[in-house]
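Biologist: Please put the model up, and then I will ask what each term rests on.

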Amino acid sequence: MADLRLDTLPGVGPVTRKKLNDSGIHNIMDLVVRGPVEISDITGMDFDSVVNLVNKARYQLIEEGKLEKDFVNATEIYKRRQDLGRITTDTDCLDHLLDGGVETQAITEVYGEFSSGKTQFCHTMCVTVQKPKEDGGLDGGVLYIDTENTFRPERIVTIAKMKGLDPEKVLDRIIVARAYNSSHQQLILEEAGPIIEENKIKLIVVDSAVGLFRAEYLGRGTLSVRQQRLNKFMHLLVRTAEAYNIAAIATNQVMSAPDVFFGDPTRPIGGNVVAHTSTYRIYFKKSGKKRIARMVDSPHHPEQEVIFTLTEVGVSDPEEDSKTKVDKLLSKKTEKKPTAQVRGPAKQGPENA
Ligand code: GTP
Ligand code: MG
């Protein structure tokens, strides 16, 4: 394993190291993730020397194969993308929607109204990420940033048991950080570097990413400050996911757009900030006892919907009888019979706050 200690970097003596440590920069990956602007801001160090330091950190990480080179050709990127980690949802339908599962080096945003299953999805992924690679997991731990106090270890125990895993071991590999306000939420992520390394974290869950920001910055006058801070958080999340090659799931709340007269007026909050930093956006919608998941925004997935349910085991495939019904319906409409319960494409654009 690569040595990420700050003093492996030429020019970092005990004084600089202490200054960096005091500002929450604990290893050379932190230097790269946080970037020179922020570091010089919080440490008071001269900007040019911080740029120099961050560049050295980057070169060292590139040499150790922990970071990408600045210039790479597309073939190399293509090859590397084949190595991206994916975490199975343990359902055919959602794996189909996600092209195999939740991807590393990206933020997968899940938005939907209350009870639509966002938290249940997060709990399920906390268990599946721990499965061995041959079973669709990444054999990794979880950092769960809980902003709504809805993390329930009992649910993890049930889900783990039903998936044939040892619940005690599964609980041990989930590090929960309860965020009390938006600045605390930011701080937790800033301090996450060493925890990610030590616990072989492969998934960060933020449930919910936007809630505290939304609650604290009320009214139009504070909207730009809220968006600025949210932007900072979401960018740090995506940089962390990329740098450590881990998956990030961020849940988001919804609001009803007042200007929509036709179709579904439900829109994710957080506006462009969340839309632009999330690589994948999935919309969870209630439909009686069932749930519909729609891939709303993705660089390479088709826009489509699948039906899933919420059960004791977390997110699940719908029961066989309803599945056959939908399959029959779909095969009547199209020649090609889909493998999972795929519904037709539907339009749903990313939205403003
Ligand atoms: P908010 O956080 O309120 O916005 O909602 P959410 O989208 O996070 O909803 P959550 O994931 O908490 O889903 C709650 C729903 O999951 C409940 O209404 C139940 O339908 C379902 N659910 C939770 N636990 C179980 C369980 O053990 N068995 C079954 N069958 N369903 C469950
Ligand atoms: Mg929830």
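Modeller: The ligand comes next, then the pockets, the cavity and two points of backbone geometry.

Modeller: This is a predicted model, in which local features need pLDDT of at least 70 and side-chain atom pairs count only at pLDDT 80 or more, while totals for chains, interfaces and linings use all residues. Residues are numbered from 1 along each chain as its sequence is written, chains are lettered from A and ligands numbered from 1 in the order in which they are written, and side-chain values use heavy atoms, with hydrogens and water left out.

Biologist: How many residues surround ligand 1, and which are the closest?

Modeller: A residue counts as near a molecule if one of its heavy atoms lies within 4 Å of it. By that rule 14 residues surround ligand 1. The closest are S115, G117, K118, T119 and Q120.

Biologist: What makes the pair between K118 and ligand 1 a polar contact?

Modeller: A polar contact is a pair of N or O atoms within 3.5 Å; within protein, one must be able to donate a hydrogen and the other to accept it, and residues adjacent in sequence count only if both atoms are side-chain atoms. An N or O atom in the side chain of K118 is 2.8 Å from an oxygen atom of ligand 1, so the pair is within the limit. The side chain of R155 has an N or O atom 3.3 Å from an oxygen of the ligand, and therefore also qualifies. With S116 a backbone N or O atom takes part, 3.2 Å from a ligand oxygen. Taken alone, ligand 1 exposes 670 Å², and the protein buries 64% of that; accessible areas come from the Shrake-Rupley method with a 1.4 Å probe, and for residues only the protein chains shown count as cover.

Biologist: Which element gives the most to the shell around ligand 1?

Modeller: It is α6, with three residues. Both α6 (118-128) and β12 (305-311) supply at least two. Such elements are DSSP runs numbered from the N terminus: helices (H or I) have at least four residues and strands (E) at least two.

Biologist: What makes a space a pocket or a cavity?

Modeller: On a 1 Å grid over the protein atoms alone, a cavity is a set of points where a 1.4 Å probe fits but cannot get out, and a pocket is an open set with protein on both sides within 12 Å along at least five of seven lines; lining residues have an atom within 4 Å of a point. Points are joined across faces, edges and corners, and a volume is the space filled by probe spheres set on them. The largest pocket has a volume of about 1,100 Å³. Among its 37 lining residues, K66, Q105, E242, A243 and N245 are the closest to its centre. Its lining draws at least three residues from each of domain 1 (1-83) and domain 2 (86-316), with bounds from an automatic or database domain assignment.

Biologist: What volume has the second largest pocket, and which residues lie nearest its centre?

Modeller: Its volume is about 280 Å³. It has 18 lining residues, with E113, F114, S115, K118 and T119 nearest the centre. Here α6 gives the most to the lining, three residues.

Biologist: How many cavities of 30 Å³ or more does a search find?

Modeller: The search of the whole structure finds one. The largest cavity holds about 60 Å³ of space, and its lining includes D30, R34, L189 and Y244. The largest share of that lining, three residues, comes from α2.

Biologist: Why is the largest cavity said to lie between the domains?

Modeller: Domain 1 and domain 2 both give residues to its lining, so it lies between them.

Biologist: What is unusual in the backbone, given that most residues other than glycine have a negative phi and most peptide bonds are trans?

Modeller: Q105 is not a glycine, yet its phi is positive, about 65 degrees. Q105 lies in the loop between β2 (102-103) and β3 (106-112). The peptide bond from D207 to S208 is cis, with omega near -5 degrees. S208 sits in the loop between β6 and α11 (211-216).
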